[in-house]
Amino acid sequence: MIKGITSYLKTRMNKKALVKTPQLRLLARSEHPISRSELHEGALKVLYRLQKSGFQAYLVGGCIRDRILGKNPKDFDVATDATPEEVTELFRNARMIGRRFRIVHVRFGREIIEVTTFRGKTQEVADKRLRQSEEGMLLRDNVWGCIEEDALRRDFTINALYYNINDQAIYDYTGGLDDLKNQTLRLIGDPVTRYREDPVRMLRAVRFAAKLNFKLETNTEAPLSEQANLLLQVAPARMFDEVLKLFLAGHALATFQLLRQYGLFAFLFPASHEAFKTNPTALKMVEQAMINTDLRIHEGRPVTPAFLYAALLWPGLEQIFNDLQNNGVPAFPAMQQAGNRLLQRQNQHITIPKRFSFPMREIWDLQLKLPQRNGKKAWVMLQTPRFRAAYDFLLLREIAGEATEGAAAWWTAFQEASEEEQHKLIASLGRSPVKKSGSKRRNPRRRKPVSAS
Ligand code: ATP
Ligand code: MG
C-alpha cells in the first residue's frame with residue numbers, strides 16, 4: 001500500500017539539533033490511505049485549535065502506523081511545539097500529567113487525546129529538565145525541541161510518522177514508511193543506548209512485534225536478552241501499566257512467548273519464571289490464560305487485571321503454597337502466607353494496586369473453596385460475587401492439566417442444570433467431599449494439594 005510513493009528529500013540544518021537534521025520523506029495525500037473525515041473528532045479539534053493559535057500540531061505514533069496498516073487505532077496522539085502549559089491554557093478539558101515525561105491529556109467524553117510537546121536534546125549536563133541515572137536511564141525528559149528532534153526521540157521508526165492536517169501529508173524523518181512496508185520494527189538510534197535510556201522500550205518492542213507480527217531488526221533484537229535486567233530499574237508502579245498493555249492488546253499469547261524468548265519475563269514475574277523450570281503444567285496454565293484473554297478481547301468481552309495477574313502469578317504462588325503445606329501448614333493459612341510472600345517479592349518488580357490485588361487474592365482463596373460443594377455450599381458459592389472469576393480460573397487450571405479432579409467440569413454442569421439435576425449432582429459427590437490434588441504432588445502423603453477441600 002506504500003507502493004508508488006513519490007518521495008523527495010529535504011535536508012535542512014537546524015542549529016538546535018545535535019545531529020544533522022534527518023532526511024524528510026513526505027507522503028502526499030494521494031499516496032496514503034488516511035482521510036481527514038475518518039479521524040477522531042476530538043483529535044481534529046485539538047489539531048485545529050493548536051494550529052489556529054499559531055502552533056504546529058501533528059497526529060503521530062500508533063494512530064498513523066495503524067491506519068496505514070489498515071487497522072483501527074487504539075488512541076490518538078498529538079505532537080506540538082506548544083508547551084504543556086500553553087496546551088492546558090487552550091483547552092478547558094485539559095490536564096497536565098507525568099513528571100518524568102510531562103504531557104497533556106485533553107478529554108472528550110470517554111476519549112483522551114494525548115498531547116505531547118516536541119522533545120529535544122540539551123547539551124547541558126546540568127539541565128534540570130533532563131536527568132539521567134548513572135546507567136543512562138532518563139529520569140526526566142522534558143527538554144522541548146523541534147519536530148526533527150522529536151522524531152529522533154521516539155522509540156521505533158514506524159512510531160515516528162507525523163500527519164499534518166493542513167497538507168494532509170505524512171512526514172517521515174526516520175525511514176518509518178520503508179519499515180512499515182518491510183514489516184520491520186527498528187529502534188531509532190543506537191539500540192543499546194535507547195534501551196538503557198528507557199528499558200520499557202524492550203517491552204514495547206515485544207508488544208509491537210506481537211501485535212503487528214513484525215520482525216525485529218537485527219540490532220533492535222540483539223541487545224534484548226543481554227539488557228533484560230535493565231527492567232529492574234523501572235519504577236514498579238509504571239511497570240503495572242506497561243504489563244497490562246502487554247497482555248490486553250489481543251496478542252497476549254504471542255507476547256508471552258516473545259517475553260520468554262528474550263528473557264524479559266524473568267524480570268517481570270520471577271517466581272513464575274522459576275516455577276516453569278520444574279512445572280510444565282504451570283506453563284500450560286499461563287499459556288491457556290493468554291489464549292483465553294485473547295479470545296475474550298477479540299469477542300469484545302471484558303478482561304480484568306485481577307484475573308490476568310492472578311494467572312500470571314499462580315505458578316509462583318502454587319510453589320510457595322505447596323512448600324508451606326509440605327511443612328504442615330494447613331491449606332487456608334498456607335494460601336494466605338503464600339500470597340503475602342509472593343506479593344512482597346513481586347512488588348519489587350511490579351506494584352499491583354490494592355484494588356486489583358484484593359480481588360486477585362479472592363480468586364486464589366476461592367480455589368480452595370470451590371471443591372467444597374456438599375450440602376448447601378454449592379448454592380451459597382454461586383452467590384459469591386467472585387464466583388464467576390474463580391470458576392473461570394479453576395477451568396483454566398483444569399484445561400492445563402492440573403489435578404483438580406473434574407471440579408471445574410462439575411461446576412459447569414451445576415450452573416447449567418435444573419434444580420432437580422443440581423440435587424443429583426450434589427448427591428453424586430457422596431458423603432465426603434471430593435479430594436482435589438495440586439499439579440505437582442511431590443509428597444502426596446504429607447501435603448494437602450492446592451484445591452484440597
Ligand atoms: P498504541 O497506542 O497502539 O499502543 P503507540 O505507538 O501509539 O501504540 P503510545 O504509548 O500511545 O504508543 O505512545 C505514542 C507514541 O509516543 C509512540 O508511537 C512513540 O512515538 C512515542 N513513545 C511512547 N513511548 C515511548 C518511549 N518509551 N520511548 C520513546 N518514544 C515513546
Ligand atoms: Mg497511541
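What volume does the second largest pocket have? Work through this and the exercises below on the predicted model.

**Exercise 1. Describe the second largest pocket: its volume, its lining and the elements behind it.**

Step 1. Start with the volume. The second largest pocket has a volume of about 460 Å³.

Step 2. Find the lining residues. There are 23 of them, and Arg296, Arg301, Pro302, Phe307 and Asp392 lie closest to the centre of this pocket.

Step 3. Assign the lining to elements. Two or more residues each come from α13 (280-298), α14 (305-326), α16 (354-369) and α18 (387-400). The largest share, 7 residues, belongs to α18.

Step 4. Sort the lining by class. The second largest pocket is lined by 14 nonpolar, 3 polar and 6 charged residues.

**Exercise 2. Do the same for the largest pocket.**

Step 1. Take the volume. It is about 1900 Å³ for the largest pocket.

Step 2. List the lining. The largest pocket has 50 lining residues, with Glu114, Arg204, Arg207, Glu242 and Lys245 nearest its centre.

Step 3. Trace the elements. Helices α2, α4 (147-153), α7 and α10 (236-247) each give two or more residues to this lining. Strands β4 (77-80), β6 (103-108), β7 (111-117) and β9 (138-141) do so too.

Step 4. Sort by class. The lining of the largest pocket holds 25 charged, 17 nonpolar and 8 polar residues.

**Exercise 3. Locate ligand 1 and describe the shell around it.**

Step 1. Place the ligand. Ligand 1 sits in the largest pocket.

Step 2. Collect the shell. A residue belongs here if one of its heavy atoms lies within 4 Å of the ligand. That gives 17 residues around ligand 1, the closest being Arg65, Lys74, Asp198, Arg201 and Arg207.

Step 3. Name the elements. Both α2 (62-68) and α7 (200-212) supply at least two shell residues. The largest share is that of α7, with 5 residues.

Step 4. Classify the shell. It contains 13 charged, 3 polar and 1 nonpolar residues.

**Exercise 4. Identify side chains with a polar atom placed against an oxygen atom of ligand 1, and say how much of the ligand is covered.**

Step 1. Set the cut-off. A polar contact needs a pair of N or O atoms within 3.5 Å.

Step 2. Check Arg65. A side-chain N or O atom of Arg65 is 2.9 Å from a ligand 1 oxygen.

Step 3. Check Arg204. For Arg204, a polar side-chain atom lies 3.0 Å from an oxygen atom of ligand 1.

Step 4. Check Lys211. Here the distance from a polar side-chain atom to an oxygen atom of ligand 1 is 3.3 Å.

Step 5. Work out the cover. On its own, ligand 1 has 580 Å² of accessible area, and the protein covers 87% of this.

Definitions and conventions:
Residues are numbered from 1 along each chain as its sequence is written. Chains are lettered from A and ligands numbered from 1 in the order in which they are written. This is a predicted model: local features need pLDDT of at least 70, side-chain atom pairs count only at pLDDT 80 or more; totals for chains, interfaces and linings use all residues. Side-chain values use heavy atoms; hydrogens and water are left out. A polar contact is a pair of N or O atoms within 3.5 Å; within protein, one must be able to donate a hydrogen and the other to accept it, and residues adjacent in sequence count only if both atoms are side-chain atoms. Accessible areas come from the Shrake-Rupley method with a 1.4 Å probe; for residues, only the protein chains shown count as cover. On a 1 Å grid over the protein atoms alone, a cavity is a set of points where a 1.4 Å probe fits but cannot get out, and a pocket is an open set with protein on both sides within 12 Å along at least five of seven lines; lining residues have an atom within 4 Å of a point. A molecule sits in a cavity or pocket if more than half of its atoms lie within 2 Å of its grid points. Helices (H or I, at least four residues) and strands (E, at least two) are DSSP runs, numbered from the N terminus. Ala, Val, Leu, Ile, Met, Phe, Trp, Tyr, Cys and Pro count as nonpolar, Asp, Glu, Lys and Arg as charged, and the others, Gly among them, as polar. Grid points are joined across faces, edges and corners, and a volume is the space filled by probe spheres set on the points.
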